[in-house]
Amino acid sequence: MEATLFSFPSSKPPSPSLTQTQSKTLLTRPTNPFISLTPRPARHHHRLPTIRSAISRTKKEQTVETIKENLENCHLLAGIKYKGLTVKQFQDLRKVLPGTTKLIVAKNTLVYKAIEGTPWEALKPCMTGMNAWLFVHSEEIPPAIKPYRDFQKEKKLDSNDFTGAVFEGKFYAPGDFKQLETMPTRAEIYAKLLGTLNSPASSLVGTIQAPARELVMLLKAYVQKLEEESGGGQ
């Protein structure tokens, strides 16, 4: 009997190699016109202003306004080099300053923005380094400066000196502070006025020839003295 052989399909997976016909099919297959092979450029997202930056801007504006408010009725504005001072030293310093002064820590850029276009702009040479700003709201300049001088000596803060000041539109460099610290006080002006009124005319002429500021202070003191006497007599 003749044997018949049956062939069955193999269970093994087909070979991964492509036939020539399959290769041609892949090479000639049309590309999808809706799919771009060109890489898309990276998108740059513009960040919107954050809440933090808005708060920072508002705080800067408030600082400028605070400086402007303290410039009202201000007779002297001085810069103090505060680099190296501790928080406690600042607290102690504020305690010894008279009530007619105000100590503010602010960036030079914000201070300059507040004083730009005013007579206080003469303070521009101080706009370097780290400054604290002393506002003096009194004509009594020496008593306003002396507490810091005493504090500076007590704490041995030789490097934390005044960086400059403006008084009556004039800039005083650190080496010129002796002139500010030795100005006559109101009590001294009263004493000089009383001595002048009780002295010969030659002394009065000498007083009139005194510096303009001292003469103005004398006249103010005299007017105040007359007002006090007039008020006391009523």
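On the surface of this predicted model, a patch of positive charge is formed by Lys60, Lys68, Lys107 and Lys113. One of these residues, Lys113, belongs to helix H4, which spans residues 108–115. Lys113 is classed as exposed because its relative accessibility is 54%, and the cut-off for that class is over 50%.

The helix that carries Lys113 is itself mostly covered, with six of its eight residues buried. The buried positions of H4 are Asn108, Leu110, Val111, Tyr112, Ala114 and Ile115. Lys113 therefore stands as an exposed residue at 54% relative accessibility, while its sequence neighbours Tyr112 and Ala114 are buried. After H4 comes Gly117, a glycine with a positive phi near 80°.

Positive phi values also occur outside glycine. Most residues other than glycine have a negative phi. Asn73 departs from this pattern with a phi of about 60°, and Lys156 has a positive phi near 55°. Asn73 sits in the loop that links helix H2 (51–71) to strand E1 (76–81). Lys156 is placed in the loop between helix H5 (141–154) and strand E4 (162–167). Asn73 counts as exposed because its relative accessibility is 66%, and Lys156 is likewise exposed, with a relative accessible area of 71%.

The two loop residues are set out below.

| Residue | Phi | Relative accessible area |
|---|---|---|
| Asn73 | about 60° | 66% |
| Lys156 | near 55° | 71% |

How values were computed. Residues are numbered from 1 along each chain as its sequence is written. This is a predicted model: local features need pLDDT of at least 70, side-chain atom pairs count only at pLDDT 80 or more; totals for chains, interfaces and linings use all residues. Side-chain values use heavy atoms; hydrogens and water are left out. Patches are made of residues with over 30% relative accessible area and no salt bridge: like charges are joined within 9 Å, nonpolar side chains (Val, Leu, Ile, Met, Phe, Trp, Tyr) within 5 Å. Accessible areas come from the Shrake-Rupley method with a 1.4 Å probe; for residues, only the protein chains shown count as cover. A salt bridge is a side-chain nitrogen of Lys or Arg within 4 Å of a carboxyl oxygen of Asp or Glu. Lys and Arg count as positive and Asp and Glu as negative; His and the chain ends are not counted. The place of a charge is taken as NZ of Lys, CZ of Arg, CG of Asp or CD of Glu. Helices (H or I, at least four residues) and strands (E, at least two) are DSSP runs, numbered from the N terminus. Buried means under 20% relative accessible area, exposed over 50%, partly exposed in between (1.4 Å probe, protein chains only).
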